Structure formats: structure tokens, C-alpha cells
Amino acid sequence: MDTFLQDVLSGLNATPKTLQSKYFYDEAGDILFQKIMSSPEYYLTNCEMEIFTTQTQALAKAIKNGFDSFDLVELGAGDASKSVYLIKELSKQDVNFTYMPIDISSHVIKLLEENLPKQVQHLQIKGLKGEYFEMLEKATQISSKRKAVLFMGANIGNMPASEAITFCKKLRGLLNKEDLLLIGFDLKKHPKIIRQAYHDANGYTRDFNLNLLKRINKELGANFNIDAFEHYPSYDPATGSCKSYLISLKKQSIIIANTTINFHEHEYIAMEISQKYDLEETENMARQADFKPVKHFFDEKKWFVDSIWECI
Ligand SMILES: C[S@@+](CC[C@H](N)C(=O)[O-])C[C@H]1O[C@@H](n2cnc3c(N)ncnc32)[C@H](O)[C@@H]1O
């Protein structure tokens, strides 16, 4: 059975019902995510953009860490609109590097391979379409050079804290001593600001969530009535977890590949988590996964951090 179908059926047959947020990113999802990133409420992009545009040289120095030849691997690269500043700076400094964006979306990889060489002359680029770890392993098979890995946009927040530690341990297991990681975290702040980021006035986050139901209809032949579900975002300052749900507005049955999924009125589908951290929690995570946090790059408001973790 197709993995997408298998994941959708096991998620919707579970209690509570869940869908994996990595499936948000089909072509329509990629476009909606770009709209989210340009929303005034979605401060995460502006904060990380500020870091990448105002501290570019310091970032390049930290990434090079004394090496002039390496592979720059980006996990979940998206449109690379922030990392491109670092890529341009490394290129300006005549660093010998290959940019290896990894993304589950084939649309993203195709666009990056087409567009980035137009923006950065002589860029060596090797796009890798697939899951983070499978593609990172492939990157290490393609080239044995030192790896500098970018994991930006608070993607690490899209897993619960316990899974994030397991993820970092697994990532560390695929890296060597001289490799390093730049990892972006969204930091805890006023709960109202966090909740608003996932509840934008234009409804792009709502559409982004509902788009996954449309994708299931299109690719798996299901019959979700999109109007019968409502997006509900929540933020709990006690746990630092921001969660998005889709609420069934009535009792209804959906058919996916001959399987009937029943919904009660007001039953939810857990769609996405965006975990927020304080700095100490991020440093503990680094140490538990055998990394040493060596430098933090903050935006002016200290709402976001890109940290450099060395392998120990
Ligand atoms: C929240 S966006 C962030 C994009 C970019 N890092 C940024 O900071 O703007 C997440 C990106 O990761 C990709 N992605 C999500 N889960 C993935 C997975 N398991 N393996 C590979 N890519 C994944 C998505 O397709 C999407 O482009």
C-alpha cells in the first residue's frame, strides 16, 4: 500500500484522530506556506530573516568553522528564502561548497534547482527529494566531505519535545565529529503573539490545514467535504505547545479507499504541533543528543534563535 494512504488510514483510525503535518506540502501547500510566511502575524520568518540578513558574515564564519570545503545540507529547505543569504555570502567568499537541499516536496526541489543557480552564480546544487534522514544518508553516500547541516524555520518544533530529542540523537548518529548543525527554535514569548501567528487574519493557516483534506480527496480519492471542518488553533503556555486541529462540524462519514471513517460532531483531527522552547531547554536537548551548543544567533526581540551545535 502507498505510504501516504497507509499513514492517512492509520492516523484517522487512531484515537484521537491525527494526520501527519509533513503531508501538508503538496504544490498548493507549498504556495499556502509561502503566504503564511509573508503574513504579518507569522513573526517566525521575519525574526529568522533578520538573523540571516543582519548577521550573515558571522553565520558564514560559524558554518565554515575553519573549513573551506564542505557540503551545506539543508533539512526541509522550503523556498530557501532565508538560507540564500548565507549561500550568497559563502559563494562571495569563494568557499568550495555544494548546497544540498533536502525536502519531501518534489515541487520545492524542482524550484530550488531551477531558481537558485540564477540567484547565485556558479552555485553547485544537488537537490534531494525525500525524508530527512533517508536523504541525509544519501548525501553522505554522494560525498564524503564535511557536512554543515541547516535545520531552520523551527521545523524541529513540528514534533513533540520527546520526539525532538530522539530526532536530534538520530541526526547526530548520521554526522561525524567535524560536522555541525545550525538549528532554529521559536522561543517562548507572550502567548497571545504565538497564538496569533497560527490564526492569521487572511486565513492562510486555516487553508493550509484544510488543504491536506483536499490533497487526500485528490490523491487518495476520498470524499471530505471541506466546509464540514473548521480550523482551531490553540497555544498552552504551560507546555509551550501550539497545536492546530480540524474540528468536524457534524456527525459524518468519510470514505477513503473503501474504508469508512466516522466522525462525531465536534470530534477533532490533530494536525500539527509547533513546540516553543526556552534557551535552556534547547541547550539541554543539544547535550542529550551529544551536541555542544557553541553559539546563539538571536533576532533583536529575542523571539527566535538559530543555534550552532558542534558534534562531540
Ligand atoms: C515549515 S517549512 C520550513 C521551510 C524552511 N526550512 C524555512 O525555514 O522557511 C517545512 C519544510 O520542510 C519540509 N518537510 C516537512 N517534513 C519533512 C520530512 N519529514 N522530510 C523532508 N522534508 C520535510 C516541507 O516540505 C517544507 O518545505
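Select asparagine 155 and the ligand together: in this predicted model, a polar side-chain atom of asparagine 155 lies 3.4 Å from an oxygen atom of the ligand. With the ligand still displayed, consider its surface: taken alone the ligand exposes 600 Å², and the protein buries 94% of that.

Next, select aspartate 103. An N or O atom in the side chain of aspartate 103 is 2.5 Å from an oxygen atom of the ligand. Move on to isoleucine 104, where the contact involves the backbone: an N or O atom of the main chain lies 3.1 Å from a nitrogen atom of the ligand.

Now display the whole shell. The ligand is surrounded by 17 residues, and Gly76, Lys82, Asp103, Ile104 and Glu131 are the closest of these. Coloured by class, the shell shows 7 nonpolar, 5 polar and 5 charged residues.

Colour the two domains next, with domain 1 as 3-40 + 194-275 and domain 2 as 43-190 + 278-311. Why does the ligand lie between them? Both domains give residues to the shell around the ligand, so the ligand lies between the two.

Keep the domain colours and turn to the second largest pocket, which has a volume of about 330 Å³. Its lining comprises 18 residues; to find the centre, select Phe4, Tyr23, Ile104, Lys129 and Arg215, the lining residues that lie nearest to it. Helix H1 (3-13), helix H2 (27-37), helix H6 (106-119) and helix H10 (204-220) are the elements that give two or more residues to this lining. By class, the lining of the second largest pocket divides into 4 nonpolar, 5 polar and 9 charged residues. Domain 1 and domain 2 both give residues to this lining, so the second largest pocket also lies between them.

Two stops on the backbone remain. Select threonine 15 and proline 16: the peptide bond from threonine 15 to proline 16 is cis, with omega near -5 degrees. Proline 16 is found in the loop between H1 and strand S1 (17-18).

Finally, select histidine 122, in the loop between H6 and strand S4 (124-125). What is the sign of phi at histidine 122? Phi of histidine 122 is positive, near 60 degrees, in a residue other than glycine.

Notes
Residues numbered from 1 in each chain as written. Predicted model: local features only at pLDDT ≥ 70, side-chain atom pairs only at ≥ 80, totals over all residues. Heavy atoms only, no water. Near = heavy atom within 4 Å. Polar contact = N/O pair within 3.5 Å; in protein donor to acceptor, adjacent residues only side chain to side chain. Areas by Shrake-Rupley, 256 points an atom, 1.4 Å probe, with all protein chains shown as cover. Nonpolar A, V, L, I, M, F, W, Y, C, P; charged D, E, K, R; others polar. Domains from an automatic or database assignment. 1 Å grid on protein atoms, 1.4 Å probe; cavity = no way out; pocket = protein on both sides within 12 Å on 5 of 7 lines; lining within 4 Å. Points joined across faces, edges and corners; volume = space filled by probe spheres on them. Helix = DSSP H or I, 4+ residues; strand = E, 2+ residues; numbered from the N terminus.
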